[in-house]
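Grab a coffee and work through these exercises with the structure open beside you. Each one starts with a task and then walks through a solution.

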Amino acid sequence: MAEKGKLVDAPSNVKLLERDLDKKPILETHHLGIEFGGLHAVEDVNLSVGPTEITGLIGPNGAGKTTIFNLLTKVYEPTTGVIMIDGVDTRGKTTAQICHMGVARTFQNIRLFNHMTVLENVLAAMDSQVRYGLPSGIFRLPKYRKEEKRAKEKAMELLSVFHMDEAADDTAGSLPYGRQRRLEIVRALATGPKILLLDEPAAGMNPSETAELMENIRWIRDYFNIAIFLIEHDMKLVMEVCDGIMVLNFGKTLAKGSPAEIQANPQVVEAYLGKAREA
C-alpha cells in the first residue's frame, strides 16, 4: 500500500497534499449550504480536494454527510454557495452533466442492476462514452459494431483489474455482498472519473472484506490517478487510508486535518463522545 501524502497549508485557508500544491483542486466548495423548510441541513461548508488526494468525510449520524454528496452530484441544488469541479462552476448543471465533468459516485445502499450481468452493469456506465449516431445503432452499421466492441473490451479490462472478469456473465444480484460492493466501484470507475465519491463503502462488510477494501482504495487512487472522497463510519479504515479528514457536525465544518490531527482534536472527540463531566 502506498504511503500517505503530507497535508500542508495552501492558499484560501485550506490544506492540500504537498504534491498537489502546484495543481488546481479537483473539487472545491465555497460557503456551500442548503435549507429544507428553513432548516440549515448544511451551512457554510468550504472544502478543497486535490487531484490525487484521499479525503474522508466523517461526523455523527445526521451531521449532513450524505447531503453534501447529494449537493456535489446535483441530486440537490444548493441554496447558497458554489461548487467547482476542476475549476469549473457547476451552477445550473444536471446530475448527468456532473458525471460527464468527472464525478462518479457509489451509494450507501448498493444500487446495481441486479437482473443484469456483471458485464452489462459496467457497460451501462459507459453508455455516454460510446460514439455512434442513431442510424448506426438502429441498423447495426460498422461504426456501431466497432464502438460496442471497444466498450466491451474496456469493460472486461476493468473487470480484470479487479479480478472479476471470470464473473462477467453472472447476474449482479447473485454475487456475494463484498463483490457487489466491488462491482459498484468498478461501474463508477467505468465513467472515467477525476474524483470518486464513496458513500460508506465498508457498510455491511465483514472484517476481511473491509481489510481488502482498505488496500483497494489507495490502489485505485494510484492506478487511476484520481482523487477519492469518502464517507465512512469505520474509523480504522478512515485513519489508515485517508490523507486528510474533514469533520462535519450539525451541517457545519468542525475540523479538517491529517488523521493524527483529527484524532487529537478535542472538539472532534466531544462531537463523537460527548463532553466529559467535571469531577
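## Exercise 1: a helix in the interior

Helix 6 has these buried residues: G178, R179, Q180, R181, R182, L183, E184, I185, V186, R187, A188 and L189. Keep in mind that this is a predicted model.

**Task.** Work out whether helix 6 is largely enclosed or not, and find what it lies across.

**Solution.**
- Step 1: Start with the burial count. Being buried takes a relative accessible area under 20%, and 12 of the 13 residues of helix 6 pass, so the helix is largely enclosed by the rest of the structure.
- Step 2: Check the length. Helix 6 reaches 19 Å from its first C-alpha to its last, close to the 18 Å expected.
- Step 3: Look at the neighbours. Helix 6 lies across strand 8 and strand 9, and runs at about 155° to strand 9.

## Exercise 2: the six-stranded sheet

**Task.** Put the strands of the six-stranded open sheet in order and pick out its edges.

**Solution.**
- Step 1: The order is 8-9-10-5-11-12, with mixed pairing.
- Step 2: The edges are strand 8 (103–105) and strand 12 (252–257), each of which pairs on one side only.
- Step 3: From one strand to the next, the twist averages 20°.
- Step 4: Now sort the pairings. Strand 9 and strand 10 run parallel, joined by five bridges, and I195 stands opposite A227 in strand 10.
- Step 5: Strand 5 and strand 10 are also parallel, over four bridges; here I54 has I228 as its bridge partner in strand 10.
- Step 6: Strand 11 (residues 244–249) pairs with strand 12 in the antiparallel sense over five bridges. M246 has K256 of strand 12 as its bridge partner.

**Task.** Which residues of strand 10 point one way, and which the other way?

**Solution.**
- Step 1: A227, F229 and I231 share one direction, while I228 and L230 point the other way.
- Step 2: Five of the five residues of strand 10 are buried, so this strand is largely enclosed by the rest of the structure.

## Exercise 3: L197 in strand 9

**Task.** Is L197 buried or exposed, and which residues does it touch?

**Solution.**
- Step 1: Place the residue. L197 lies in strand 9.
- Step 2: Its relative accessible area is 1%, so L197 is buried.
- Step 3: Leaving out residues up to four places away in sequence, L197 touches F69, L72, T73, V103, A104, R105, T106 and F229.
- Step 4: Compare sequence with space. L197 and I228 are 31 residues apart in sequence, and their C-alpha atoms are 6.0 Å apart.

## Exercise 4: the four-stranded sheet and T29

**Task.** Describe the other open sheet, then explain how T29 sits in strand 3.

**Solution.**
- Step 1: Four strands line up in the order 4-3-6-7, with antiparallel pairing.
- Step 2: Strand 4 (39–49) and strand 7 (88–89) are the edge strands.
- Step 3: Seven bridges link strand 3 (residues 27–36) with strand 4, and E28 has S48 in strand 4 as its bridge partner.
- Step 4: Helix 1 (residues 65–72) packs on this sheet, touching strand 3, strand 4 and strand 6 (80–85); its direction makes about 110° with that of strand 3.
- Step 5: T29 is in strand 3. With a relative accessible area of 1%, T29 is buried.
- Step 6: Beyond residues up to four places away in sequence, T29 touches V45, N46, L47, L72, V82 and I83.
- Step 7: The T29 side chain reaches the backbone oxygen of V45 at 2.9 Å.
- Step 8: T29 and G81 are 52 residues apart in sequence, yet 7.2 Å apart in space, C-alpha to C-alpha.

## Exercise 5: the nonpolar cores

**Task.** Which residues touch the most other members of the largest nonpolar core, and which helix gives the largest share?

**Solution.**
- Step 1: This core has 46 residues, and L159, L183, L196, I217 and L230 touch the most other members.
- Step 2: The largest share, five residues, comes from helix 6 (residues 177–189).
- Step 3: A second, separate core of 27 residues includes I34, A41, A63 and I98.
- Step 4: Zoom in on L230. Setting aside residues up to four places away in sequence, L230 has contacts including I54, F69, L198, I217 and V241.
- Step 5: For background, nonpolar side chains tend to be buried together in soluble globular proteins.

Definitions and conventions
Residues numbered from 1 in each chain as written. Predicted model: local features only at pLDDT ≥ 70, side-chain atom pairs only at ≥ 80, totals over all residues. Heavy atoms only, no water. Core = buried A, V, L, I, M, F, W, Y, C linked by side-chain atoms within 4.5 Å. Buried < 20%, exposed > 50% of the residue type's maximum accessible area, 1.4 Å probe, protein only. Helix = DSSP H or I, 4+ residues; strand = E, 2+ residues; numbered from the N terminus. Contact = heavy atoms within 4.5 Å. Pairing = 2+ DSSP bridges. Axes fitted to C-alpha atoms, helices over the stretch in contact; angles between N-to-C directions. Polar contact = N/O pair within 3.5 Å; in protein donor to acceptor, adjacent residues only side chain to side chain. Expected span 1.5 Å × (residues − 1).
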